[in-house]
Amino acid sequence: MKLLYASLLLCSISACKPDKDAGPAIIVGRWQLTSVECYCVPSPTPNVAVEFKADGSVVFYKDNKEEARGTYAFTTGKTPCSPNDVPVLELKTSSAFPSGSPAYTIKPSELVIDYGLCVDLFRMTYRRD
């Protein structure tokens with residue numbers, strides 16, 4: 001009986017662990033910007049989308065026109081809002097779209113990229129397109 005209980009406990013604990021490979025698989029596709037949070041003058045949400053490809057490349061669109069290309073990778077690191085390591089999305093892009101290593105959270109239909117809202121940078125929320 002103790003062995004059965006230990007097995008069930010171990011199984012339930014491992015089921016609660018985040019799957020480190022879930023981020024790369026779930027992010028692939030096109031995401032539409034739905035909101036931008038910042039300590040700034042309110043303005044309409046721009047018509048911006050981002051497409052993450054399985055090969056690690058990323059394309060940013062504004063008004064359905066390509067604005068920037070780059071690469072992305074998943075890692076962990078400290079951010080302006082967290083002294084501890086958190087999941088970050090390393091973005092390396094050309095031109096108008098910010099590069100860096102913002103914190104992120106991802107669900108099947110929502111992606112939040114936080115460059116540091118706590119220090120007056122912006123947080124962007126995307127929905128799967």
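**Notebook: cysteines, rings and strand 2**

I began with Cys-81, which is partly exposed at 34% relative accessibility. The model is a predicted one.

**Disulfides**

I looked up the partner of Cys-81 and found a disulfide to Cys-118, with an S to S distance of 1.9 Å. The angle about the S-S bond is -110 degrees, and the link of Cys-81 and Cys-118 is left-handed. Next I noted where the two ends lie. Cys-81 is in the loop between strand 4 and strand 5 (82-93), and Cys-118 is in the loop between strand 7 (110-114) and strand 8 (123-128). The pair is 37 residues apart and links distant parts of the chain. Cys-118 is also partly exposed, with a relative accessible area of 48%.

I then asked how many disulfides the whole structure has. The search gives 2. Besides the bond just described, Cys-38 and Cys-40 form a disulfide, with the sulfur atoms 1.7 Å apart. I checked the accessibility of both residues: Cys-38 is partly exposed at 29%, and Cys-40 is partly exposed at 43%. With the bonded cysteines numbered in sequence order, I wrote down the pairing as 1-2, 3-4.

**Aromatic rings**

I turned to the rings and counted 4 aromatic pairs in the structure. One of them is Phe-52 with Tyr-72: the ring centres are 5.0 Å apart and the planes stand at 85 degrees, over the 60 that edge-to-face requires, so I logged the pair as edge-to-face. Which parts of the chain does this pair tie together? Phe-52 belongs to strand 2 (residues 48-52) and Tyr-72 to strand 4 (residues 65-79), so the contact ties together parts 20 residues apart in sequence.

I looked up whether these two residues are buried or exposed. Phe-52 has 1% relative accessibility and counts as buried. Tyr-72 has a relative accessible area of 10% and is buried as well. Tyr-72 has another ring partner, Phe-74: the centres are 5.9 Å apart with the planes at 90 degrees, so this pair is also edge-to-face. Phe-74 is partly exposed, and its relative accessible area is 24%. I recorded one aromatic cluster formed by Phe-52, Tyr-72, Phe-74 and Tyr-104.

I made a separate entry for a charge over a ring. The charged end of Arg-30 sits over the ring of Tyr-61, 4.3 Å from the ring centre.

**Strand 2 and its neighbours**

I went back to Phe-52 to look at its strand. In strand 2, 4 of the 5 residues are buried, so the strand is largely enclosed by the rest of the structure. I then listed its pairings. Strand 1 (residues 29-37) pairs with strand 2 in the antiparallel sense over 4 bridges, and Gly-29 stands opposite Phe-52. Strand 3 (residues 57-62) also pairs with strand 2 in the antiparallel sense, over 5 bridges. In strand 3, I found Val-58 as the bridge partner of Phe-52.

Last, I looked at how strand 2 connects to strand 3. The two form a hairpin with 4 residues between them. In the turn, Gly-56 has a positive phi of about 90 degrees.

My closing note is on Phe-52: this residue is buried, has a ring pair with Tyr-72, and has bridge partners Gly-29 and Val-58.

Conventions:
Residues are numbered from 1 along each chain as its sequence is written. This is a predicted model: local features need pLDDT of at least 70, side-chain atom pairs count only at pLDDT 80 or more; totals for chains, interfaces and linings use all residues. Side-chain values use heavy atoms; hydrogens and water are left out. Rings of Phe, Tyr and Trp (its six-membered ring) pair if their centres lie within 6.5 Å; planes under 30 degrees apart count as stacked, over 60 as edge-to-face and the rest as tilted. Buried means under 20% relative accessible area, exposed over 50%, partly exposed in between (1.4 Å probe, protein chains only). A charge sits over a ring if NZ of Lys or CZ of Arg is within 6 Å of the ring centre and within 35 degrees of the ring normal. A disulfide is a pair of cysteine sulfur atoms within 2.5 Å. Two strands pair if DSSP finds at least two bridges between them.
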